[in-house]
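Student: I am new to this structure. Please take me through the terms used for it.

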Amino acid sequence: MADTVLLTGGRGFFGRRIAEALTANGYEVATPGRPEFDLLDAGSVERMVKQIKPHTVVHSAAYYGGLGICVAEPARIFHDNTLMCVNILDAMPKAGVKRFVSVGSACAYPGNVVGDMKEDDFWSGPLHPSVEAYGFMKKIQQVGAHAYAKQFKIEAQFPQITNLYGENDVFTEYRSHVVAALIKRFADAKLSGAKEVVCWGTGKPVREFIYSGDAAEAIARLMKTDYAEPLNVGTGIGTTIKELSELVAKHTGFAGKIVWDTSKPDGVMRKVLDVSRLKQVLNWTPPTSLDAGLAKTITWYLANKETADARP
Ligand code: GDP
């Protein structure tokens, strides 16, 4: 019989891609969520895990978003994500869970790494202040997973995911990451016939973007192994925000002027993962280029604009 996986956040933007990838790889996937269960309530989480009795818990649920929300709501980001993590870890031994997959983030790396971020850089310095609450909470998740692994013999795996984009992302100004934010802004400008689009910062920061379906596939492939060290999941390809804006302009058909609002934050200047370990451990590289992934995402967005824009 297929192993049962309890996937938190399995109905969200990334979670639904993880659910698809796990199902395609032969797992039985449960994606419980509200209103039946509340991850902020320890009793509710214990009931959930005891009811589903999974072999593996994949923890992907998170309260988060792009740079905007990280600056506006660090306390809630710290509180909700830490509480969810603690509740889930603590319920696992009570229900005989054998493995915990901690969905991590490139935000948890120090803000001052020179060059591409290797797994061994993880504890080498302070976080960038703009993402400190979310990034540090992902460090707490790693420490917690180690603690439960040691005391309760629950295996743990640590995929560290770079900036995601894809269908079903959050496109609203307040929570969106840069790719979704720019897709909405350039698409709106094209539709309204606006002459210019304003983007945040200087356009100089460098980010790495992975298509959500590829990152989900990486998690499914990692779970087929017993690899228990942190593993970067990214493309290793850095793109400036300016280059990204030009690509989004091309795919949305916007031919006007791109203006940079330097009163808005740049965030960390460079965030690109070293992916040599990913290639070695999984013998695989993410197949979707940024150009192809943007084309798919923008096609989806334009076909679903009303629902996508209405998602808080
Ligand atoms: P980060 O990678 O955690 O910093 O998060 P984001 O995905 O939000 O990327 C932020 C980078 O994109 C920063 O350099 C921003 O200055 C830049 N950026 C440009 N325009 C926007 C925008 O409209 N929204 C967001 N979130 N970032 C933008």
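Tutor: Helix H6, residues 178-192, gives the largest share of the shell around the ligand, four residues. Helices (H or I, at least four residues) are DSSP runs numbered from the N terminus. This is a predicted model, where local features need pLDDT of at least 70, side-chain atom pairs count only at pLDDT 80 or more, and totals for chains, interfaces and linings use all residues. Residues are numbered from 1 along each chain as its sequence is written, and side-chain values use heavy atoms, with hydrogens and water left out.

Student: Which residues come nearest to the ligand?

Tutor: Leu67, Arg185, Arg207, Pro265 and Asp266, of the 17 residues around the ligand. A residue is near a molecule if one of its heavy atoms lies within 4 Å of it.

Student: What makes the approach of Asp266 to the ligand a polar contact?

Tutor: A polar contact is a pair of N or O atoms within 3.5 Å. A backbone N or O atom of Asp266 lies 2.5 Å from an oxygen atom of the ligand, so the pair qualifies. For Pro265, a backbone N or O atom is 2.6 Å from a ligand oxygen atom. The protein covers 99% of the 540 Å² of accessible area that the ligand has on its own; such areas come from the Shrake-Rupley method with a 1.4 Å probe.

Student: Why is Asn283 called exposed?

Tutor: Exposed means over 50% relative accessible area (1.4 Å probe, protein chains only). Asn283 has 69%, so Asn283 is exposed. Asn283 lies in the loop between helix H9 (276-282) and helix H10 (290-303), and its phi is near 50°, a positive value in a residue other than glycine.

Key:
A polar contact is a pair of N or O atoms within 3.5 Å; within protein, one must be able to donate a hydrogen and the other to accept it, and residues adjacent in sequence count only if both atoms are side-chain atoms. Helices (H or I, at least four residues) and strands (E, at least two) are DSSP runs, numbered from the N terminus. Buried means under 20% relative accessible area, exposed over 50%, partly exposed in between (1.4 Å probe, protein chains only).
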